[in-house]
Amino acid sequence: MKNFKSIRWLRARRISLAFGTTVLVAAATALVVCADRACNRAANGRLFSSLTAVPEREVGLVLGTSKETRRGKANLHFNQRIEAAAALYRAGKVRHLLVSGDNHIASYDEPDDMRAALIAAGVPASSITCDYAGFRTLDSVVRAKEVFGLSQCMIISEDFHCPRALWIAQQHGLDAIAFAAPDVSLKGWSLRADVREQLARSWCAVDMYVLHRGPRFLGKKEPILLSSKTLNAD
């Protein structure tokens with residue numbers, strides 16, 4: 001009798017486990033699909049890949065990434081964003097660049113690396129502002145408005161990344177368009193980027209709608225100055 005009860009208990013547990021797993025998979029799938037659709041809607045009519053077609057904005061927000069991979073090789077995503085930002089500046093599509101990235105330890109400094117690369121590409125140092133607390137895309141976008149006083153901007157990243165940044169901007173009242181640098185064409189790179197982005201979009205939805213998380217740091221306002229004129233959020 002005891003063995004019979006044990007078998008029944010195990011069967012019930014298996015059924016409950018299978019049901020719970022099914023529910024979790026369905027919820028996760030729904031989250032991925034909904035977040036993906038929200039990003040694509042936010043990007044509709046606001047994402048550009050042509051230098052001639054993209055409207056002008058006073059400030060371009062360059063989203064950070066590491067200069068090198070963990071294996072010490074050049075990060076192609078970094079190179080693509082720098083090349084796009086420099087081209088936009090030379091074409092007069094932006095007058096100033098806000099480079100936003102992670103600088104949580106002394107040996108890792110995305111903003112200064114981006115600044116140095118932009119200067120090497122011909123952008124004057126006076127036309128670059130560094131945001132050292134852009135730990136995540138959400139931090140970079142929200143701080144552009146709340147700390148650096150932007151009401152409008154052009155987000156500069158790659159095609160896979162821009163829709164999420166535009167979605168965050170939309171939800172936080174920042175009037176943004178985006179310029180998409182060409183995605184890295186190497187298959188291994190692009191596949192990893194796509195998988196990571198799908199997960200990032202889902203987590204972004206949790207951040208904004210469930211946890212209601214903001215930037216890790218805000219601090220005092222640091223309005224960007226252009227030609228002796230302050231860009232205000234008004």
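This is a short walk through one predicted model, taking its helix packing, its nonpolar cores and then a few single residues.

Let me begin with two helices, α4, which covers residues 137–146, and α5, which covers residues 162–171, whose axes come within 9 Å and cross at roughly 45°. That angle makes α4 oblique to α5, and the crossing in which α4 passes α5 is right-handed. On the α4 side the residues involved are T137, L138, V141 and V142, and they meet R164, A165, I168 and A169 on the α5 side. Sorted by class, this contact has 6 nonpolar, 1 polar and 1 charged residues. If you look at the numbering within each helix, it may help to recall that an α-helix has 3.6 residues a turn, so residues three or four places apart point the same way.

How much of each helix is covered? For α4, 8 of its 10 residues are buried, so we can call the helix mostly covered, and the buried set is T137, L138, D139, S140, V141, V142, R143 and A144. For α5, 8 of the 10 residues are likewise buried, and the helix is therefore largely enclosed by the rest of the structure; here the buried residues are C162, P163, R164, A165, L166, W167, I168 and A169. Just after α5, G173 takes a positive phi of about 75°.

Turning to the cores, the largest nonpolar one has 33 residues, and those with the most contacts inside it are L61, L98, L150, I155, W167 and L174. The elements that give two or more residues to this core are the helices α1 (2–43), α4, α5 and α6, together with the strands β2 (57–63), β5 (152–158) and β6 (175–181). Which element gives the most to this core? It is α5, with 6 residues. As for L174, if we leave aside its neighbours within four places in sequence, this residue is in contact with V141, A144, K145, L150, S151, Q152, C153 and A169. Apart from the largest core lies another, of 22 residues, and among them are F48, V62, I82 and F179.

I would like to finish with three single residues, starting with E197, which sits in helix α6, residues 187–211. Is E197 buried or exposed? With a relative accessible area of 4%, E197 is buried, because the cut-off for that class is under 20%. Neighbours within four places in sequence aside, the contacts of E197 are with F160, H161 and R164, and R164 is one of the α5 residues that meet α4.

The second residue, S49, lies in the loop between β1 (47–48) and β2, and at 59% relative accessibility S49 counts as exposed. The C-alpha atoms of S49 and A178 are separated by 8.5 Å, although the two residues are 129 residues apart along the chain. Again leaving aside neighbours within four places in sequence, S49 is in contact with F179 and A180, and F179 is among the residues of the 22-residue core.

The last residue is H212, found in the loop between α6 and β7 (225–226). At 61% relative accessibility H212 counts as exposed, because exposed means over 50%. Its backbone deserves a look in the viewer: H212 has a positive phi of about 55° although it is not a glycine. Most residues other than glycine have a negative phi.

Technical notes:
Residues are numbered from 1 along each chain as its sequence is written. This is a predicted model: local features need pLDDT of at least 70, side-chain atom pairs count only at pLDDT 80 or more; totals for chains, interfaces and linings use all residues. Side-chain values use heavy atoms; hydrogens and water are left out. Helices (H or I, at least four residues) and strands (E, at least two) are DSSP runs, numbered from the N terminus. Buried means under 20% relative accessible area, exposed over 50%, partly exposed in between (1.4 Å probe, protein chains only). Contact means heavy atoms within 4.5 Å. Axes are lines fitted to C-alpha atoms, for helices over the stretch in contact, and angles run from 0 to 180 degrees between N-to-C directions. Angles under 35 degrees count as roughly parallel, over 145 as roughly antiparallel, 65 to 115 as roughly perpendicular and the rest as oblique. A crossing is left-handed if the near helix is turned anticlockwise from the far one by less than a right angle, and right-handed if clockwise. Ala, Val, Leu, Ile, Met, Phe, Trp, Tyr, Cys and Pro count as nonpolar, Asp, Glu, Lys and Arg as charged, and the others, Gly among them, as polar. A nonpolar core is a set of buried Ala, Val, Leu, Ile, Met, Phe, Trp, Tyr and Cys residues joined through side-chain atoms within 4.5 Å.
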